[in-house]
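Here's a chain worth loading into your viewer before reading on. Keep it open while we go through strands, charges and empty space.

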Amino acid sequence: MLRNNYHIDILTHQFRHFKLDLFGVSETHTPRSKYLSLSQFKMKPMVYPKPLLRPYMGLCCQTCQSDGKGLFMDETTLQLGLTDILQVRTQFGPFWKRTFCHLLWVASLQPVTQYPNVVTQVMSDTRVESAVEGAAQLSLQKTENGPNIPDEGAYKSFLDSSRRRIMGILHKMAGTVSGPVIRFVSYALHKTLRHLVSSVRVHKGQIEVLKRAEATGKPIIYLPLHKSHLDYILLTFVLYDHNIRVPLIAAGDNLRLPIVGRFAQHLGAFFIRRRLDSHQGEKDLIYRAVLHSYLAQSLHASHSVEIFIEGGRSRSGKPSIPKAGLLGVIYDAYTSGDIQDALIVPVAISYDRIPDGSFVTEELGKPKKPETLWSVFKAGWRLLTGSGILKGAVRLDFCQPFSLADYVVSYKSNISKIRISPIFGPLEPLSPLQEAVEFPHNISTPSVTSYASDSEERRLVDSLARHVIHSASNSLAVTCTGLLSYLLLTKFRNGAPLQRIVEEFEQLRNDVVSKKMDLAFRGDSHDAISYAVELLDSSVKMEVNSQTKEQVLLPITSVPNVLDLSYHANTVIQAFLTDSILSLALLSNLSPVDFTVPKFEVVRSRDAIMNSALQLCDILRYEFIVTPPCQDNETSLLRLLEDFKSKGIISDPINENLGLSETDKWAKRISKHLDWIEEEHENDIGQMEFEDMKFVVNVSKECKDSLRDQASILFPIINSYCYVTKAVESVALEPIEEKKLLRLLQQGVEAECKSGINKFSESIGLDSIKNCLRLLLDWKALELSNHGYLRFYQFNQEFYQGLDYTLILDRVFQFKTLYQ
């Protein structure tokens, strides 16, 4: 029965009791009485849901890809709504069509069937031949005779051995796409996937754009964020279901299991070793050449390729800093002429709850359980039966494709025009000139494991990878589980009446939309919260206040539950990241005394606030990509300062001398009479420095609470960084193996949480501890050495000999405010 004001997805029957429309399908409403009589029900026709118009997420960046604004796009594609691919068109009709709807649907598909095998081309590639000869020479050098004594027989034997090895590598690596296999899998997924997820939504306009992109004949590079093993299954499933060429998928060789691995190769998976080189550190020239050639030849044959540039699945919920190795291979294929161009497609995949289960045990330091054939069978059984699975909805957003060739041209022409945000080195900030010369990006970057040899090319590839991650993370649809977790961990850590949470949840929804991000749900906020509470399971609890009889919602802020909430909250943090950074920077420039003075009488320097915010961006360089590489952090933060003005958090001083010391007032009066720089000299000097502005900070309780709420999502990370930065000076005085160091640091953070020094238990997560170590390596506080596959850290006493390490500590600890 249709019910008044209820948004119902008739195919997602298990959620009919909610007024919640998951991922954008809504009932078409007409005015009706609250109670429908039986005769009315019989006479009125069934109203099927119609797609609701939703924003097209992931449009091309207008800074570095302005020419691509209309690429493959028109007004029609922007107007199309969402669709659930689990709903097949033959589901309605005669009995036989309804009974065999999935079989008929899969049989009606006409996918691309040309998937050329490139093994022969790889074997004859000059790059591979050169690697074979190089490996034979190295092997010959290790013989007793050495390279000075020619031994043609041994050399030929080494060549033959290397060629046989190439065949073995390709047998394990190469993937292909079998039409019958993928058709069978598509049918099986249609029958079983609903046991795992409630719906799989895609934007029909994005699908139309992909079809137009494929018609160009250029290879398409899909670069999805990686959260679940279901990612590559869903992406292939969606593309095949819309008659779009399915990609070859770069997969770790840990997934090359008996039977399953071979089956996956027929679905397009090509397996890559986790470590390309031997444990002695020697470069495996042959394996690298075969991988490079295989990928280049696949692109030359117009294969589409899917690469997870984050590496493994995100353990914290945040998008990870990219590893641009395979993207570097694609760039090399372009520069070497193997391909004329390629189309880059970032992909965002949003889950209400990932079906893999949580990563809490890994965040607590326990080793990752290796994939086994038995674990795959257990997962398959869960898929078939749905036992023990809290089903949530999934949404895929394909960003607008952009040309690799156009990006390269844009990067090379615009890099000199980009204003570089400061990079803060080991001790003191560099001068602006040094920053612009030494750091081509807005934040420092880790070394890129790329095949590109030139450092400028490495920067270009890294810039592209970061741009992809930023675009995809800003295209993620915000889920109700993420939004509720974010709200509970920031504003209501101690719980609150349900009605109050509903009100704040509604406001937070509006804030997300104002940030030009999309929601993964529609409908009544109360029902969205009820649905999220069901999915979050044991991480939240509902109680009834014995006095007021109100329902109270409480988050479980102890380990391990809080890590599960933190995972979901981190999927939302990108929407409010700059607000959080600026709020924490503003709080770090205030003292408790400031909040005791009358309202609007605390004056702070704009430059001081901006300097703190930029330092915070630099500290969090391995946690977030604040802005894409074609933009700078400073501009984004200055723009946000104006937004803070409109909210009444800060304002311009009424009296321009308010808050100035007598010396500053005297200097300002003198400067007005010393206008000694003539106008014709200004062009010689370059861009003139603007006078530092002053802001009056609203120090009311409401303002303080607002700043704290916005900044609090960063408090766990900052607390973790503070402990690690302080502890390494003593823990790592001698070389210490990475796993042991991480265990000691995590135990120290846990001790602080138990003692009450750190109020945020999620600080114990391993992800932030690892990222802090990477930061300290950049700051030269730590040294890293490799012994085989083992990594050892040691405090860099030689670098800091005679220097005060408290400068580093002060830089981090300035953000551990008293307002936590």
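How many of the five residues of strand β6 are buried? Five of the five, so β6 (residues 220-224) is largely enclosed by the rest of the structure. Bear in mind that this is a predicted model.

## The strand in the middle of things

Let's stay with β6 for a moment. In a regular strand, side chains alternate between the two faces of the sheet. Here both faces are covered: Ile220, Tyr222 and Pro224 are buried on one side, and Ile221 and Leu223 are buried on the other.

Next, the neighbours. β6 pairs with β10 (residues 343-351) in the parallel sense, over five bridges. It also runs parallel to β9, with two bridges joining β6 and β9. Ile221 turns up in both pairings: it stands opposite Ile344 in β10, and its bridge partner in β9 is Val305.

## The whole chain

Zooming out, the protein chain holds 33 helices and 22 strands. It has 820 residues, and 53% of them count as buried. Take the contacts with a separation of 6 or more: residues 24 or more positions apart account for 79% of them. As for the surface, the chain exposes about 37800 Å², and carbon and sulfur atoms supply 54% of that.

One helix to click on is α19 (residues 480-490). It is mostly covered, with 11 of its 11 residues buried. Among them are Cys480, Gly482, Tyr486 and a run of leucines, Leu487, Leu488 and Leu489. The buried set also includes Thr481, Ser485 and Thr490.

## A small open sheet

Further along the sequence there's an open sheet of three strands, ordered β20-β22-β21, with antiparallel pairing. β20 (736-737) and β21 (782-787) stand at the edges with a single partner strand each, so one side of each is left without a neighbour in the sheet.

β20 pairs with β22 (residues 790-795) in the antiparallel sense, over two bridges. In that pairing, Ile736 stands opposite Tyr793 of β22.

## Salt bridges

How many salt bridges does a search of the whole structure find? The count is 35. One of them joins the side chains of Arg212 and Asp74, at 3.0 Å from N to O. Arg212 lies in helix α9 (residues 204-214) and Asp74 in the loop between β3 (50-51) and α2 (75-79), so this pair ties together parts that are 138 residues apart in sequence. Arg212 counts as partly exposed, at 27% relative accessibility, and Asp74 is partly exposed too, at 30%.

Arg315 and Glu362 make another salt bridge, at 2.6 Å from N to O. This pair links distant parts of the chain, 47 residues apart: Arg315 sits in the loop between β9 (305-306) and α13 (325-335), and Glu362 in helix α14 (residues 360-363). Are these two residues buried or exposed? Arg315 counts as buried at 18% relative accessibility, and Glu362 counts as buried at 17%. With the cut-off for buried at under 20%, keep those two percentages in view when you look at the pair.

Then there's Asp579 with Lys515, whose closest N and O atoms are 2.6 Å apart. Asp579 belongs to helix α23 (residues 577-588), while Lys515 is in the loop between α20 (498-514) and β14 (521-523), 64 residues apart. The partners have these accessibilities: Asp579 is buried, with a relative accessible area of 2%, whereas Lys515 is partly exposed at 28%. Elsewhere, salt bridges that share partners join Lys491, Arg500, Glu504, Arg708 and Asp709 into one network.

## Empty space inside

Rolling a probe the size of a water molecule over the atoms shows where empty space is left. The search turns up seven cavities of 30 Å³ or more. The largest has a volume of about 320 Å³.

That largest cavity is lined by 28 residues, and Ser316, Leu563, Ser566, Tyr567 and Asn570 lie nearest its centre. The elements giving two or more residues to its lining are α14, α22 (561-570), α29 (715-731) and α31 (766-778). Which of them gives the largest share? α22 does, with six residues.

Conventions:
Residues numbered from 1 in each chain as written. Predicted model: local features only at pLDDT ≥ 70, side-chain atom pairs only at ≥ 80, totals over all residues. Heavy atoms only, no water. Pairing = 2+ DSSP bridges. Helix = DSSP H or I, 4+ residues; strand = E, 2+ residues; numbered from the N terminus. Buried < 20%, exposed > 50% of the residue type's maximum accessible area, 1.4 Å probe, protein only. Contact = heavy atoms within 4.5 Å. Areas by Shrake-Rupley, 256 points an atom, 1.4 Å probe, with all protein chains shown as cover. Salt bridge = Lys/Arg side-chain N within 4 Å of Asp/Glu carboxyl O. 1 Å grid on protein atoms, 1.4 Å probe; cavity = no way out; pocket = protein on both sides within 12 Å on 5 of 7 lines; lining within 4 Å. Points joined across faces, edges and corners; volume = space filled by probe spheres on them.
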